[in-house]
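Reader: Can we go through this one together? I'd like to start with a helix and see where that leads.

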Amino acid sequence: MNPLRRGANARLPSRKGVASAPTPLDARAPAPGDYAEFLRITLPRQQKNVASHRFGSERVWLKKAGPRHGKWGYRVMAAVARMVRLDIIKPVPNPGGEAAIATEARRLKQLAAAGLRVPTVLAQQADGLLISDLGESGRATVVLQERIDQAAAAGPAALLAVWREGLAAIATVHLCGQHLSQAFDRNLVQCPDGVIGYIDFEDDPAEVMTLAECQARDWLSYLHSTAMMLEAAAPQAAGQHWHAALAGVSDEVRERIANAARRMRWAQKLPASRRWGRDTQRVRAVARLLGLWHLD
């Protein structure tokens, strides 16, 4: 068994499975390029909230409004954030439904206008959104999570090289004065030309946070999704790369990350045994990597 391989529950198999089997069009297919009509006739027939389709020679993604989300989980997370006095982990409202569709469309247009690689909004209606695929004809994108997993099997040097690509991609967003939504490795994708693109924007941290808080949250989200792999492979080298990546951040962002490191210092002493569950291991790994960067 490869100790660096993630558990099965770290995957999002639905994303991969959906992408590998686009839904065929029937005889009612609209004229080529009529994205609004395609959205109108396909949305009622789509069972899943997110699915890929073939429209002529294109692969497109259709997102439909799902059920509205409850607020109880948000209240719990807000209470935890207040308890540890760590604002950047406070929950971001994601009501789901039509509001999430509107948020995603707005954020995609905003990031595209800033020159960042995101899916193009092809058509939009209140309960559905049609966006482009970031791949090219015959050339698919690769989720950074998959690339990190593959690199881990090749050794620490390969793992760190791919991990640094994610750090650079987040830095690029911030240099444009923007922020992401959930900057996990599963939401960063390598396009066929090598550029890292960004997906999934159903919530907007800027609704409850300052830009500095949003950007600090991006860094911590990426760290949260990758720290366990780094802890198992090359924690010291990862700490050096993390330090270098944050060298250019603003003082406001730096202070918020440093505050997170201070607040999470206790978590470095959490047990490393798998018996305590992956969540405990993940929190411990994040705290330890933050500690390598921020030392009093």
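**Helices and one alanine**

Author: In helix 9, the buried residues are V253, I257, A258, N259, A260 and A261. Buried means under 20% relative accessible area, with a 1.4 Å probe and protein chains only. Helices are DSSP runs of H or I with at least four residues, numbered from the N terminus.

Author: This is a predicted model, where local features need pLDDT of at least 70, side-chain atom pairs count only at pLDDT 80 or more, and totals for chains, interfaces and linings use all residues. Residues are numbered from 1 along each chain as its sequence is written, and side-chain values use heavy atoms, leaving out hydrogens and water.

Reader: ok, what span should helix 9 have?

Author: Its 13 residues, 251-263, should span 18 Å at 1.5 Å a residue, and the end C-alpha atoms are 18 Å apart, which agrees. The expected span is 1.5 Å times one less than the number of residues.

Reader: Switching: at what angle do helix 5 and helix 6 cross?

Author: The axes of helix 5 (residues 144-154) and helix 6 (residues 156-175) cross at roughly 160 degrees and come within 7 Å. Axes are lines fitted to C-alpha atoms over the stretch in contact, with angles from 0 to 180 degrees between N-to-C directions. The two helices are therefore roughly antiparallel, a term for angles over 145 degrees.

Reader: And A227, buried or exposed?

Author: A227 is buried, at a relative accessible area of 2%. This residue sits in helix 7 (residues 211-233).

Reader: Which residues does A227 touch?

Author: Not counting residues up to four places away in sequence, A227 touches A285 and V286; contact means heavy atoms within 4.5 Å.

How values were computed: Buried means under 20% relative accessible area, exposed over 50%, partly exposed in between (1.4 Å probe, protein chains only). Angles under 35 degrees count as roughly parallel, over 145 as roughly antiparallel, 65 to 115 as roughly perpendicular and the rest as oblique.
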